[in-house]
Amino acid sequence: MAKPVTMPQLGESVTEGTIARWLKSEGEMIEKDEPLCEVDTDKVSSELPSPIAGRIEKLLVSEGETVEVGTEIALVAVEGESEGPSREDMRSEGPTEEFPAAGTVAQPAAAQRVRRPGASGGNGRGGVPDAGELRLRRSSPVVRRIAAEHGIDISEIRGTGIGGRVTRKDIEAYVREREAARGPAPTPEPARARVEVQEGDRVVELDSVRRAIANRMSLSKREAPHAWTMVEADVTGLVALRERIKEDFARREGVRLTYLPFIVRAAVESLKEHPILNSVWDEERIVLRRRINVGIAVDLEDALIVPVIRDADDYGIVGLARRIDDLVRRARERRLSPEDVSGGTFTVNNPGALGSVVSTPIINHPQAAILSAEAIVKRPVVVGDAIAIRSIMNLEVSFDHRILDGGAALRFLNAVKRRLEGYTPQSRVF
């Protein structure tokens, strides 16, 4: 009997994935939990382990093809189960096999689709949803988003997915039919001219991560009117503190002490003082986030990724140092899970680690702002009536000018500066 395996849920906001490479061919045997294929999403690349053992009967999706979560991607013939219900029968009786990506939290479809007696929600008729509600619930977020953009009621569309689920193709076909009924479509814009490739040029095709970065940065610049401001922070005391304790810190905690935990801590405390920086633009309203989930930009040489420290306000300097070390190490080993890079509410950029002294970061859309911490450099500055050599760091913030103005941004920035300048060689860290 051949059992279908499906594209799993690869993160709380991930609705589709691209089969980057099959690691098994049709006819090959595969063990349970043995890698079946590599999948790229707009957030991370993962190896998907097989949920069952058997022989690969058919690969249903080509390499490079993008499919929605829940789509059947392969059929696996299970030995010793030749007698059983047909594949079509299995479809009608319940959900197909689903499995977690390596390093992710499993989200089996069965747990979502089978309602318990007395469960909350529903339509007030004993928790038994009607057909329209079922189609709406089973639709992916991207389908619901497209429906909302076009003002469409999903319950009016006949779904062709499993259990009557409305798929992206269903709703796109519905939109095309509706537009055709309204009359001829407007003349499309002419295609953008491609760059001429000259002799000796080298062409690098986009991978999913580079494409995602390009799309997200373009979206952020297009959607959010960026403004930018900067202050200087005298971090001489912080530098002296780190120099005094860094060796002892590495022995006790097993991780290297950098300046980033101090910067993140100062940002978190300042976000509590100025919550408008930890918010999201939502058309007719602004949503101030209660949780403070701080993304930290990590350079991978060929890409940039932003793992998230969830509930960053729960940690002190030691805890932040450990979390940052773990996330950065796994990012560079390409072992982050989709959950590690989702849910951020504010971002801290750290180009100073690469020697930058001034930068204008792009907001991680749809967040309201991003803080950038530059390299610490020694400069002669006026202290009282004298000139002294001090350790100076530039701090910048790019912000969505729809949500806040320069005054609010500077009040936040000065709060971060005040906290970083407050460290002395004798400050307590442990």
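## A tour of a sheet, a loop and a surface patch

Begin by selecting residues 54-59 and residues 72-77, which are strand 6 and strand 8, and you will find that they pair in the antiparallel sense over four bridges. The model on your screen is a predicted one, and this pair of strands is a convenient place to start. Within the pair, pick out Arg55, whose bridge partner in strand 8 is Ala77.

Next, widen the selection to the sheet around these strands, an open sheet of four strands in the order 1-8-6-3, with antiparallel pairing. At its edges you will come to strand 1 (2-6) and strand 3 (29-30), each of which pairs on one side only. Strands of a sheet pair through backbone hydrogen bonds, either parallel or antiparallel.

From the sheet, move on to Ser342, which has its place in the loop between helix 9 (317-332) and strand 16. Is Ser342 buried or exposed? Its relative accessibility is 2%, so Ser342 counts as buried, the limit for that word being under 20% relative accessible area. If you display the side chain of Ser342 together with Glu339, you can see that this side chain reaches the backbone oxygen of Glu339 at 3.5 Å.

Then follow the chain to Val358, found in the loop between strand 16 (346-349) and strand 17 (369-383). Val358 has a relative accessible area of 47% and is therefore partly exposed. To finish, show the surface and select Trp228, Met230, Val357 and Val358 together, since these residues make a nonpolar surface patch of about 330 Å².

Notes. Residues numbered from 1 in each chain as written. Predicted model: local features only at pLDDT ≥ 70, side-chain atom pairs only at ≥ 80, totals over all residues. Heavy atoms only, no water. Patch = residues over 30% accessible without salt bridge, like charges linked within 9 Å, V, L, I, M, F, W, Y side chains within 5 Å. Areas by Shrake-Rupley, 256 points an atom, 1.4 Å probe, with all protein chains shown as cover. Salt bridge = Lys/Arg side-chain N within 4 Å of Asp/Glu carboxyl O. Helix = DSSP H or I, 4+ residues; strand = E, 2+ residues; numbered from the N terminus. Buried < 20%, exposed > 50% of the residue type's maximum accessible area, 1.4 Å probe, protein only. Pairing = 2+ DSSP bridges. Polar contact = N/O pair within 3.5 Å; in protein donor to acceptor, adjacent residues only side chain to side chain.
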